[in-house]
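Thanks for coming. I will go through one model this morning, starting with the overall counts and then taking a few places in turn.

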Amino acid sequence: MADNVLISRPTYSKKIFGDTFDTVERDKRLTYRLRRWGRQQLQCSRTRLWNILTSLFPVLFWLPKYKRKYVVGDLIAGWTVGIIRIPQGMAYALLAGVQPVYGLYSCFFPVLLWFVFSTSRHTSVGTMAVVCLMIQNLISVHVHDQELSLNEGKLLINGQEVNLTTVPSQFIIKKSEEGTVLNSTFYMSYLTDEQEKKKIEIACSATLLVGIIQLLMAILRLGFLTTLLSDPVIQGFTTGSAFHVMSSQVKYLFGLNKSVGKYSGPFAIFKTFIDIFKNLSHANVPDVIISVISLPALLIVKYLNERYKKKLRNIPIPIELILVVLATVISYFCNLDDPPYNVNIVKTIPTGFPHFSSPSYTYLWSSMVTDCLIMAFISVAITLSLTKIYADKHGYEIDANQEILALGIANILPAFLSSFAVAGSLSRTAIQESTGGKTQLVSVLSSVLMLIVLIWLAPLFQPVPKSVLACIIIVALKSLFMQFEKLKDLWLVSKLDFCIWIVTCTAVVLLGVDLGLAVGVAMAIVALVFRIQHPKHAILGRIMHTDLYADRKKYKDAYEIPGIKIFHYADSPSFTNKDAFRNSLYHAIGCNPSTVLSKLEKRREKELANSEISMRLIQKKSLSTSSPARSIEKEGSMRKRSKLAPDAESLLDDSSMSILGFNVLILDATMWSFIDSTASREILQIIDKFLALGVTVVLAGPSSNVLKTLDGCGLPSRVSHDQVFVSVHDAVVYAEKVHQETVTRSESVEEPYSNMPGYPGFDSLAL
């Protein structure tokens with residue numbers, strides 16, 4: 001049985017409520033608040049210093065409190081994630097368009113910085129498919145691939161013989177009889193190295209700009225801007241980007257990387273697949289065989305990892321590393337890169353660490369800024385989403401702006417160490433959490449394994465076929481493609497969000513990642529404006545024998561109170577929806593007061609005109625047939641009749657009940673969190689029209705800031721504070737009084753609810 005609530009209290013208007021209960025007085029002067037803020041900032045103590053240090057370097061806070069029971073889980077998770085990072089780092093470097101070793105660097109330096117600055121215990125940062133794809137697009141814009149070949153000892157660049165006058169002198173061999181000769185082999189190697197250096201320099205320059213943008217976001221506390229990227233936009237964007245990532249790797253599956261061009265911009269994905277289909281007859285059979293074996297192996301083992309997760313104790317089989325090792329061994333002993341196999345392999349992977357150097361293409365930032373802004377926002381949005389998901393799951397708090405700061409630093413400093421932009425990884429984060437990782441120490445433990453590879457083991461991966469790395473990337477996209485499964489639930493939850501998802505994904509596939517994201521954000525903004533323009537509104541009815549009010553069209557037990565209209569508007573009125581507010585109100589009450597006033601005015605003018613005509617006719621008749629005394633008597637009678645012609649006031653006699661069907665309008669403001677001056681003036685104009693029709697307007701439940709804005713625009717001259725109430729029920733009790741005083745009492749008039757037996761509460765106002 002439900003608990004009963006019985007309340008007995010007087011009705012409270014805003015004025016009576018304010019007079020009855022004391023308010024907390026606060027000094028709202030700007031100078032006072034600035035002085036108080038200054039005193040707080042100038043306070044100096046050990047506690048404050050420690051709080052500042054721990055907020056900037058969270059590792060100082062949690063590491064001294066590290067518990068021994070976390071060691072085993074962190075160790076297992078660290079080594080598991082580290083094993084996966086090795087092949088993924090190399091594969092995603094291939095996706096970014098740079099040499100694989102730079103992917104290993106990007107999985108080492110940023111991870112250590114994330115360990116120091118992050119508050120998230122489970123997020124695994126590093127190479128990420130969408131970010132790598134955008135880096136590849138930047139590189140393709142600023143670095144054009146050169147096709148180098150030798151023909152009868154002559155070096156050809158894009159089919160054109162090299163002009164020796166443009167070649168540096170160290171590559172020229174001077175022979176007295178044969179003249180000047182080019183050392184083609186060394187010059188070709190030099191050109192290839194220079195092109196690869198330019199690619200990584202472009203990537204590092206872009207990464208530095210991305211990091212600076214994220215650092216500024218953190219300093220200015222602009223993390224809220226990522227809310228512009230709603231979940232449907234992010235999911236649609238990442239799913240659409242997955243198609244571009246896949247299209248960029250399919251050519252490696254068939255060994256067609258030299259035959260397929262690099263395209264960017266609208267419809268680039270279709271151009272890529274057209275090139276692939278045109279050159280399928282030239283596919284390299286060994287690469288195809290490797291792909292046919294690798295793809296099913298990856299998919300099957302990943303399925304088994306998911307299916308038998310508990311039996312494997314949440315430690316997945318590292319199929320990526322196993323596949324890379326097997327492919328490397330076979331490639332090394334079978335010389336797959338030599339004829340007749342001609343398999344495209346990784347080739348050079350140096351050991352050790354890169355030199356600390358400043359990115360040299362910062363002068364291109366003006367042309368990179370748009371792409372870098374998108375990268376910065378996307379990486380922040382995805383990383384924050386991951387951190388919030390796992391923080392909520394495990395019940396700990398994160399600082400969103402600190403996470404942005406950590407991500408910015410994880411991009412800025414590694415950019416000087418030949419690393420490219422990173423972000424949170426969905427797959428590695430899930431593995432880190434499922435294998436028992438409890439703290440940020442997992443990042444350090446996984447980096448230890450990466451350190452071993454960089455110092456000693458990196459050259460062992462030189463024979464790895466690029467087709468294997470392409471298979472790893474394509475299979476890793478599975479989680480992004482699986483987002484299509486969420487569409488069914490999204491359709492049931494919100495059809496508008498469903499449309500945003502579809503439009504964003506389609507735009508990204510057709511127009512590219514940059515224009516596609518712009519279309520998605522624009523669609524989300526249009527949807528937001530549409531929702532603002534079409535909020536829920538209703539005429540409320542009272543649930544019988546309660547003080548509860550609900551939409552009378554939705555609830556059968558909600559009865560409309562005679563003579564009273566309660567208009568509920570479930571949004572904050574503003575300049576964006578003031579017209580929608582007015583139209584919704586007129587539609588809900590079933591009439592337009594402007595139209596009613598216009599009709600009344602026309603009726604008054606018509607009556608006046610008729611009275612004047614009657615008066616003239618009487619005058620004319622009296623002058624022609626009557627004596628002067630009789631004429632004077634007729635004129636007096638005519639004047640008396642003319643007084644019977646209704647004017648605006650006489651038309652409104654007997655209240656507005658006979659005109660509109662109600663004489664009290666209650667505006668339910670309980671859902672208005674704010675109101676601006678434009679909407680306030682619009683509402684006051686509406687109130688004026690109803691007052692002109694004799695309708696009493698009452699406000700229910702406006703917040704103090706809403707009431708302050710309305711008062712500033714002139715509300716008290718229309719509606720006194722005695723007619724502004726703290727709740728809908730208080731307003732209704734007052735409205736029933738007004739209704740009874742206005743409407744002529746008769747047997748047909750229904751008894752007010754508050755007179756009914758068992759009326760719940762407000763006994764002192766029982767009418």
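Helices here are DSSP runs of H or I with at least four residues, strands are runs of E with at least two, and both are numbered from the N terminus. On that basis the chain has 30 helices and 14 strands. Please keep in mind that this is a predicted model. The chain has 767 residues, and 46% of them count as buried. If you take the contacts between residues at least 6 apart in sequence, 80% join residues at least 24 apart.

Let me begin with a pair of helices. Two packed helices are described by the angle between their axes and the distance between the axes. Helix α5 covers residues 71–96 and helix α17 covers residues 441–457; their axes come within 7 Å and cross at roughly 45°. An angle of under 35 degrees would count as roughly parallel, and roughly perpendicular begins at 65, so α5 and α17 are oblique to each other. The crossing of α5 past α17 is right-handed.

Which residues of α5 and α17 meet? On the α5 side they are Asp-74, Leu-75, Ala-77, Gly-78, Trp-79, Val-81, Gly-82, Ile-83, Arg-85 and Ile-86. On the α17 side they are Leu-441, Val-442, Leu-445, Ser-446, Leu-449, Met-450 and Val-453. Sorted by class, this contact has twelve nonpolar, three polar and two charged residues.

Gln-432 touches residues from both of those lists. Gln-432 sits in helix α16, residues 426–434. Is Gln-432 buried or exposed? Its relative accessibility is 2%, so Gln-432 counts as buried. Neighbours within four places in sequence aside, its contacts include Ala-77, Val-81 and Val-442. The others on its list are Arg-121, His-122, Thr-123, Ser-124, Gly-437 and Thr-439.

The second helix pair is α14, residues 365–394, and α15, residues 400–415. The axes of α14 and α15 come within 10 Å and cross at roughly 130°. Roughly antiparallel would need an angle over 145, so α14 and α15 are also oblique to each other. α14 passes α15 in a right-handed crossing. From α14 the contact uses Ser-379, Val-380, Thr-383, Leu-384 and Thr-387, and from α15 it uses Ala-400, Glu-403, Ile-404 and Leu-407. By class, that makes five nonpolar, three polar and one charged residues.

Next, the loops on either side of this pair. Between α13 and α14 there is a loop that holds Pro-340. The peptide bond from Pro-339 to Pro-340 is cis, with omega near 5°. The loop between α13 and α14 also holds Asn-342, which is not a glycine and yet has a positive phi, near 55°. Asn-342 has a relative accessible area of 46%, so it is partly exposed.

Ser-418 is in the loop between α15 and β7, the strand at 423–424. Ser-418 is another non-glycine residue with a positive phi, here near 60°. With a relative accessible area of 16%, Ser-418 is buried.

Back in helix α13, residues 319–334, we find Ala-327. Ala-327 counts as buried because its relative accessibility is 12%. Leaving out residues up to four places away in sequence, Ala-327 touches Pro-465 and Val-468. Val-468 is 141 residues from Ala-327 along the chain, and their C-alpha atoms are separated by 7.5 Å.

Last, two single helices. How far apart should the ends of α21 be, at 1.5 Å a residue? For its 17 residues, 495–511, the expected span is 24 Å, and the end C-alpha atoms are 24 Å apart, which agrees. Buried residues in α21 are Asp-497, Ile-500, Trp-501, Thr-504, Cys-505, Ala-507, Val-508 and Val-509. The buried residues of α21 pack against α10, α11, α20 and α22. Just after α21 comes Gly-512, with a positive phi of about 105°.

Helix α28 has 16 residues, 677–692, and should span 22 Å; its end C-alpha atoms are 23 Å apart, which agrees. Its buried residues include Ala-679, Ser-680, Glu-682 and Ile-683. Leu-684, Ile-686, Ile-687 and Phe-690 of α28 are buried as well. Gly-694, just after α28, takes a positive phi of about 85°.

Note on methods
Residues numbered from 1 in each chain as written. Predicted model: local features only at pLDDT ≥ 70, side-chain atom pairs only at ≥ 80, totals over all residues. Heavy atoms only, no water. Axes fitted to C-alpha atoms, helices over the stretch in contact; angles between N-to-C directions. Parallel < 35°, antiparallel > 145°, perpendicular 65-115°, else oblique. Left-handed = near helix turned anticlockwise from the far one by under 90°. Contact = heavy atoms within 4.5 Å. Nonpolar A, V, L, I, M, F, W, Y, C, P; charged D, E, K, R; others polar. Buried < 20%, exposed > 50% of the residue type's maximum accessible area, 1.4 Å probe, protein only. Expected span 1.5 Å × (residues − 1).
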